[in-house]
Amino acid sequence: MNNKRALEIINILKEIIADPRCELDYNNIFELVIATVLSAQTKDSRVNEVTKVLFDKYPTPALLSLASLSDVINIISPLGLAKMKASNIINLSKVLVDEYNSIVPDDIESLMKLPGVGRKTASVILVEGFKIPAVPVDTHVLRVSNRLGFSKSNNTIVVEGDIKKLLPKDLWIVSHHLFIHFGRYICLSKNPKCLGCRLKKYCTNKED
Ligand code: SF4
């Protein structure tokens with residue numbers, strides 16, 4: 001893979017996917033943080049169903065920090081790992097109130113110190129909430145990057161570095177959205193939609 005080939009792929013993805021964007025519903029960066037933490041191993045559409053209720057009842061870090069664990073578990077129970085996620089978002093809200101005056105920080109080191117926030121989630125918050133270039137690597141980005149030759153690694157940090165080396169910074173955000181969308185709807189983990197795929201000539205995994 002070289003930079004020219006990487007750009008060719010991104011340009012084709014831009015033609016295939018008209019409006020690549022985050023599918024989580026949120027009204028402010030605090031809600032984005034909570035929705036992103038809740039989205040681990042869960043479909044965005046399911047997260048959107050529970051956050052409608054959650055954000056209505058607990059719209060600020062201060063209110064969510066004082067919520068009872070059982071009530072939050074109850075609200076988010078349709079999601080997997082509800083107990084752990086409920087505990088994380090309550091504790092995360094407490095940290096925001098106590099240490100950040102209820103304002104979400106905009107640097108990756110501070111974000112990664114919040115309960116339930118790893119490198120991928122922190123990068124999503126930078127990209128989505130602050131429009132700061134970053135390359136969050138989730139399961140879709142990892143798979144698509146491997147198949148299209150951006151990286152041979154299974155290590156998300158290595159994949160992140162490989163993508164960053166191949167693409168100019170001003171394409172990191174859009175590429176992240178394109179890879180997720182392509183992986184979620186076309187280049188699926190099982191039974192990818194290879195028939196007619198315009199990226200077949202770049203692919204190491206095509207099903208003829
Ligand atoms: S040919 Fe199939 S596996 Fe390869 S990029 Fe296209 S959809 Fe994905």
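This section describes a ligand site, a helix and two individual residues in a predicted model.

The ligand and the space around it were examined together. Probing of the structure yielded one cavity of 30 Å³ or more. The largest cavity holds about 110 Å³ of space. Its lining comprises 13 residues, of which Phe182, Cys187, Cys194, Cys197 and Cys203 are the closest to the cavity centre. Classified by residue type, this lining consists of eight nonpolar, one polar and four charged residues. The largest cavity is the space taken by the ligand. Eleven residues surround the ligand, and those that come nearest are Cys187, Cys194, Cys197, Cys203 and Asn205. Cys187, Cys194, Cys197 and Cys203 are thus named among the residues nearest the ligand and also among those closest to the centre of the cavity. The shell around the ligand contains seven nonpolar residues, one polar residue and three charged residues.

Helix H2 spans residues 29–38. Nine of its ten residues are buried, and the helix is therefore largely enclosed by the rest of the structure. The buried positions are Phe30, Glu31, Leu32, Val33, Ile34, Ala35, Thr36, Val37 and Leu38. Packing against these buried residues involves several other helices, namely H3 (44–57), H4 (61–65), H5 (69–76), H6 (82–100) and H8 (119–130). In general, an α-helix has 3.6 residues a turn, so residues three or four places apart point the same way. In H2, the buried set includes Phe30, Val33 and Val37 as well as Glu31, Ile34 and Leu38.

Asn28 is located in the loop that connects helix H1 (3–16) with H2. Its relative accessibility is 31%, and Asn28 is therefore classed as partly exposed, whereas burial would require a value under 20%. Asn28 and Thr60 are 32 residues apart along the chain, and their C-alpha atoms are separated by 9.9 Å.

A further residue, Ser145, belongs to helix H9, which covers residues 139–147. Ser145 has a relative accessibility of 0% and is therefore counted as buried. When residues up to four places away in sequence are set aside, the contacts of Ser145 are with Phe150, Ser151, Val159, Ile163 and Phe179. The two residues described here individually thus fall into separate accessibility classes, with Ser145 buried and Asn28 partly exposed.

Terms used: Residues are numbered from 1 along each chain as its sequence is written. This is a predicted model: local features need pLDDT of at least 70, side-chain atom pairs count only at pLDDT 80 or more; totals for chains, interfaces and linings use all residues. Side-chain values use heavy atoms; hydrogens and water are left out. Helices (H or I, at least four residues) and strands (E, at least two) are DSSP runs, numbered from the N terminus. Buried means under 20% relative accessible area, exposed over 50%, partly exposed in between (1.4 Å probe, protein chains only). Contact means heavy atoms within 4.5 Å. A residue is near a molecule or strand if one of its heavy atoms lies within 4 Å of it. On a 1 Å grid over the protein atoms alone, a cavity is a set of points where a 1.4 Å probe fits but cannot get out, and a pocket is an open set with protein on both sides within 12 Å along at least five of seven lines; lining residues have an atom within 4 Å of a point. A molecule sits in a cavity or pocket if more than half of its atoms lie within 2 Å of its grid points. Ala, Val, Leu, Ile, Met, Phe, Trp, Tyr, Cys and Pro count as nonpolar, Asp, Glu, Lys and Arg as charged, and the others, Gly among them, as polar. Grid points are joined across faces, edges and corners, and a volume is the space filled by probe spheres set on the points.
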